[in-house]
Amino acid sequence: MIVQFHRAIKLADLPEGPGTLIELAGRQMAMFRRGRNVYALDAICPHKQGPLYAGFCDENHAYCPMHGWAFDLVSGECKERAEKSIHSYEIRIDHDWVEVGIKI
């Protein structure tokens with residue numbers, strides 16, 4: 001598969017800590033920033049369809065605001081139930097733009 005990168009948001013416009021909903025290439029993503037590190041996961045928690053983008057993150061996990069399920073920021077693995085893991089997206093920073101890699 002080929003990964004195609006899309007400009008999503010300027011790094012300065014992405015708040016640190018809380019999630020941000022990003023719609024890109026027909027997909028909804030929850031984007032989280034920790035310093036200059038940015039992570040993107042599927043926007044919806046598979047548990048009860050909670051808005052993961054309305055949650056927050058720590059150094060390693062994004063947390064669903066509805067029931068606290070934790071998802072690894074890099075892999076999307078669900079800490080509570082591995083079979084409920086979500087998709088994570090490759091990120092790169094280019095001239096202060098956050099770009100998201102989407103497999104085509």
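# Close-up views of the predicted model

**View 1. H61 counts as buried, at 16% relative accessibility.** The model shown here and in the other views is predicted. The cut-off for buried is under 20% relative accessible area, so the 16% of H61 falls in that class. H61 belongs to strand 6. Its bridge partner is D72, in strand 7. Which residues does H61 touch, beyond those up to four places away in sequence? They are F56, A70, F71, D72, L73 and K79. D72 thus appears twice in this view: as the bridge partner of H61 and among the residues that H61 touches.

**View 2. Strands 5, 6 and 7 make an open sheet.** The order is 5-6-7, and the pairing is antiparallel. Which strands stand at the edges? Strand 5 (56–57) and strand 7 (70–72) do, each with a single partner strand, so one side of each is left without a neighbour in the sheet. Strand 6 covers residues 61–63 and is joined to strand 7 by three bridges. These two strands run antiparallel. The H61 to D72 pairing links strand 6 to strand 7. In a regular strand, side chains alternate between the two faces of the sheet.

**View 3. F56 and Y63 form a stacked aromatic pair.** How many aromatic pairs does a search of the whole structure find? The search finds one. The ring centres of F56 and Y63 lie 5.1 Å apart, with 20 degrees between the planes. Planes under 30 degrees apart count as stacked, so the 20 degrees of this pair puts it in that class. Are the two residues buried or exposed? F56 counts as partly exposed, at 47% relative accessibility. Y63 counts as buried, at 17%. F56 is also one of the residues touched by H61.

**View 4. P18 sits in the loop between strand 1 and strand 2.** Strand 2 spans 20–24. P18 counts as partly exposed, at 38% relative accessibility. Leaving aside neighbours within four places in sequence, what is P18 in contact with? The contacts are M31, F32, G55 and F56. F56 also has its ring stacked with Y63. D58 is 40 residues from P18 in sequence. In space, the two C-alpha atoms are 9.5 Å apart.

**View 5. Strand 8 pairs with strand 4 and with strand 9.** Strand 4 (residues 37–42) and strand 8 (residues 88–94) run antiparallel, joined by two bridges. L41 has S88 as its bridge partner in strand 8. Strand 9 covers residues 97–103. Five bridges join it to strand 8, again in antiparallel fashion. I91 has V100 as its bridge partner in strand 9. Strand 8 and strand 9 form a hairpin, with two residues between them. Which turn residue has a positive phi? H95 does, at about 50 degrees.

**View 6. Salt bridges that share partners join R7, R92 and E99 into one network.** Side chains of opposite charge can pair when their charged atoms come close. E99 and R7 meet in a salt bridge, 3.8 Å from N to O. This pair links distant parts of the chain. E99 lies in strand 9 and R7 in strand 1 (residues 3–10), 92 residues apart. The salt bridge of R92 and E99 has an N to O distance of 2.6 Å. E99 is buried, with a relative accessible area of 7%. R7 is partly exposed, at 46%. R92 also counts as partly exposed, at 41%. What ring does the charged end of R92 sit over? The ring is that of F5, with its centre 3.9 Å away.

**View 7. R81 and E83 meet in a salt bridge.** The N to O distance is 2.7 Å. R81 is partly exposed, with a relative accessible area of 39%. E83 has 55% relative accessibility. Exposed means over 50%, so E83 counts as exposed. How many salt bridges does the count give? It comes to five. Among them are R81 with E83, E99 with R7 and R92 with E99.

Terms used:
Residues numbered from 1 in each chain as written. Predicted model: local features only at pLDDT ≥ 70, side-chain atom pairs only at ≥ 80, totals over all residues. Heavy atoms only, no water. Pairing = 2+ DSSP bridges. Helix = DSSP H or I, 4+ residues; strand = E, 2+ residues; numbered from the N terminus. Salt bridge = Lys/Arg side-chain N within 4 Å of Asp/Glu carboxyl O. Buried < 20%, exposed > 50% of the residue type's maximum accessible area, 1.4 Å probe, protein only. Contact = heavy atoms within 4.5 Å. Phe/Tyr/Trp six-rings, centres within 6.5 Å; stacked < 30°, edge-to-face > 60°. Lys NZ or Arg CZ within 6 Å of the ring centre and 35° of its normal.
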